Amino acid sequence: MKSDSRTAISWKRRELPVLVLYALVFYAVIIRRSLQLSHDYSLNLYGLRPGWIADRLNDVSDAQWRNFRGNLPVLTVVFGIFAFVANSSRVLFHLKARGMSNVWLLISLAYLLYLHGACTVFVLSIASLYFLLVKIFVKTKYFSLMLWTFSIFFLICNRVYEGYSFSMFGQHWIFLDNFRGAFRWQICFNFVILRMVSFGYDYCWACQGSGFDQKKHAECCRICKSGKMCYQILQEKSVPSNKYSFGIYLCYLIYAPLYISGPIMSFNAFASQLETPQKNYARKDVVLYGLRWIFSLLLMELMTHFFYYNAFANSGLWKQLSAMDVFIIGYGVLNFMWLKFFLIWRYFRLWSLICGVEAPENMPKCVNNCYNLESFWKSWHASFNKWLVRYMYIPLGGSRRKILNIWVIFTFVGLWHDLEWKLLSWAWLTCLFYVPELVLKSVANAFQVENTLGELFFREVSAIAGAVTITCLMVANLVGFVIGPSGISWLIARFLQKEGWPILVGMLLTFYVGTKLMLHIQDTKRKGR
């Protein structure tokens with residue numbers, strides 16, 4: 001056995017330099033060709049503006065990134081003031097959960113009035129009605145039916161009626177349509193709906209009595225063993241019944257640092273940290289977190305000044321490109337999206353940490369370090385994934401109905417993002433690609449590796465499966481966020497014609513190499529534990 005183990009280690013050591021060399025060459029080719037494409041097509045791309053780096057144009061074609069980047073100075077000043085007021089109030093007046101909820105309620109209402117103007121009344125009205133229904137139905141068998149009917153009804157109606165017009169409620173209210181604020185309330189309300197569901201279920205389960213064994217969990221949790229409080233304990237442990245009040249509920253829904261885009265956290269986790277501020281991040285850790293964010297922002301600025309991936313996607317010019325260039329743009333768009341959401345989510349999470357509330361971390365892993373769909377979704381919108389597991393996957397039956405559950409869950413995820421066919425196509429394509437992965441995983445779990453040859457074989461199969469999965473993931477995201485369902489046939493034809501075959505094979509080979517590098521990273525992390 002020792003001899004076999006040495007053979008496996010020796011083989012891994014020999015292949016690692018080759019894999020690293022291939023990766024370096026791959027990225028050199030990608031960077032060189034990306035620079036060339038950005039230079040050659042810059043006059044034909046939409047959304048490029050004069051930049052501040054090396055007299056180059058800057059790709060601000062993505063509306064979400066453009067708005068966030070443009071409002072960053074104002075947001076920083078506003079949240080700086082909010083943090084100062086909230087933290088000073090806590091220290092000066094020795095405030096606990098109820099007191100802090102009142103402080104944050106006042107701050108957040110002022111923030112909402114700026115964002116949504118008169119439309120703030122829609123947010124507060126729907127939230128108040130939901131709170132009343134939860135209190136009425138919480139101990140009945142119709143509770144879950146009420147909760148999901150109410151949530152999905154308003155999720156759809158808010159989008160269909162585009163946030164409603166005040167004229168719908170009478171002509172004497174029409175003047176309020178001139179005071180709708182700076183930001184569409186129905187966009188932010190998607191996050192509010194997730195928080196409403198969280199409050200409803202957390203309150204319901206608290207009334208039934210939580211079966212969470214904190215002591216047993218702490219014995220096997222690496223974070224808890226280190227003396228910190230992990231998110232799972234904050235989430236699973238019910239807060240005292242007086243914390244499920246209307247004031248704390250409303251504060252949770254509109255808590256300013258996380259209101260616009262999350263990260264999403266459960267009601268239990270939020271309410272417990274209003275009582276006792278987070279202690280997992282010391283002041284030094286928060287400063288380092290902020291510095292890393294600034295470094296990532298500079299990286300994004302370099303990316304958008306030199307590589308116009310998103311502008312290619314928005315301009316539709318990718319249809320004129322070769323199969324190789326389509327792959328480069330698709331890969332670049334996926335990395336751009338990852339870095340964009342990384343910056344947005346971590347910015348708001350940073351302010352929440354400064355204010356004493358630790359939300360779950362989105363994107364704990366780089367997009368280029370995920371070789372299966374399950375790890376991708378756990379590492380992309382990670383806080384949403386936790387929400388889906390707690391409030392949908394487990395109530396639907398968990399692993400007993402896993403294959404059926406993913407179709408229900410991803411359909412909800414598609415609808416939650418927006419009422420568009422391309423997003424439903426993205427959701428259903430993801431499910432379609434997810435099913436074979438689940439089947440292969442169950443087969444792999446039944447397969448017992450007994451020798452080095454078996455281990456190496458299993459590693460090769462994992463790498464091949466990873467290459468196919470990453471390719472499927474790219475296709476699903478291109479369909480959902482770039483080309484739409486109408487572009488599927490074009491994409492398939494592009495890569496299955498004579499010119500596209502070598503690129504498809506090269507792409508699979510590249511993702512195979514990338515998966516093997518990820519496996520090496522996993523091995524290194526295991527040794528370090």
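Here are some short exercises with worked solutions on the structure above.

This is a predicted model, in which local features need pLDDT of at least 70, side-chain atom pairs count only at pLDDT 80 or more, and totals for chains, interfaces and linings use all residues. Residues are numbered from 1 along each chain as its sequence is written, and side-chain values use heavy atoms, with hydrogens and water left out.

**Exercise 1. Find the residues that touch the most other members of the largest nonpolar core, and the helix that gives this core its largest share.**

Step 1. Start with the terms. A nonpolar core is a set of buried Ala, Val, Leu, Ile, Met, Phe, Trp, Tyr and Cys residues joined through side-chain atoms within 4.5 Å. Buried means under 20% relative accessible area, exposed means over 50%, and partly exposed lies in between (1.4 Å probe, protein chains only).

Step 2. The largest nonpolar core has 160 residues, and those touching the most other members are Trp104, Tyr259, Phe327, Trp380, Trp387 and Phe412. Its largest share, 20 residues, comes from helix α15 (residues 323-354). Helices here are DSSP runs (H or I, at least four residues), as are strands (E, at least two), numbered from the N terminus.

Step 3. Now look around Phe327. Setting aside residues up to four places away in sequence, phenylalanine 327 touches Phe26, Ile30, Met474, Phe495, Met507 and Phe511, where contact means heavy atoms within 4.5 Å.

**Exercise 2. Compare two aromatic pairs: which is tilted and which is edge-to-face?**

Step 1. Rings of Phe, Tyr and Trp (its six-membered ring) pair if their centres lie within 6.5 Å; planes under 30 degrees apart count as stacked, over 60 as edge-to-face and the rest as tilted. By this rule there are 64 aromatic pairs.

Step 2. Tryptophan 65 and phenylalanine 68 make a tilted pair, at 5.8 Å centre to centre with 40 degrees between the planes. Both sit in helix α2 (residues 63-93), three residues apart, about one turn of the helix. Tryptophan 65 counts as buried because its relative accessibility is 1%, and phenylalanine 68 counts as buried because its value is 6%.

Step 3. Phenylalanine 410 and tyrosine 434 make an edge-to-face pair, with 6.1 Å centre to centre and 65 degrees between the planes. This pair links distant parts of the chain, 24 residues apart: phenylalanine 410 is in helix α18 (residues 402-417) and tyrosine 434 in helix α19 (residues 421-446). Both of these residues are buried.

**Exercise 3. Work out how covered helix α12 is, and what covers its buried residues.**

Step 1. Helix α12 (residues 267-275) is mostly covered, with seven of its nine residues buried. These are Phe267, Asn268, Ala269, Phe270, Ala271, Gln273 and Leu274.

Step 2. The cover includes α2, α3 (97-116), α6 (185-208), α9, α10 (246-254) and α17.

Step 3. Take one residue from α3 as an example. Serine 101 lies in helix α3 and counts as buried because its relative accessibility is 1%. Beyond residues up to four places away in sequence, serine 101 touches Gly247, Ile248, Cys251 and Leu274.

Step 4. Then try a loop residue. Lysine 96 lies in the loop between α2 and α3. Apart from neighbours within four places in sequence, lysine 96 is in contact with Leu274 and Glu275. The C-alpha atoms of lysine 96 and glutamine 273 are separated by 9.4 Å, although the two are 177 residues apart along the chain.

**Exercise 4. Describe the lining of the second largest pocket by its residues, helices and classes.**

Step 1. On a 1 Å grid over the protein atoms alone, a pocket is an open set of points where a 1.4 Å probe fits, with protein on both sides within 12 Å along at least five of seven lines; lining residues have an atom within 4 Å of a point.

Step 2. The second largest pocket holds about 1200 Å³ of space, a volume being the space filled by probe spheres set on the points, which are joined across faces, edges and corners. Of its 29 lining residues, Arg222, Ile223, Cys230, Tyr231 and Lys386 are the closest to its centre.

Step 3. Helices α8 (222-225), α9 (231-236) and α17 (382-393) each supply at least two lining residues. The largest share, five residues, comes from α17.

Step 4. By class, the lining has twelve nonpolar, six polar and eleven charged residues. Here Ala, Val, Leu, Ile, Met, Phe, Trp, Tyr, Cys and Pro count as nonpolar, Asp, Glu, Lys and Arg as charged, and the others, Gly among them, as polar.
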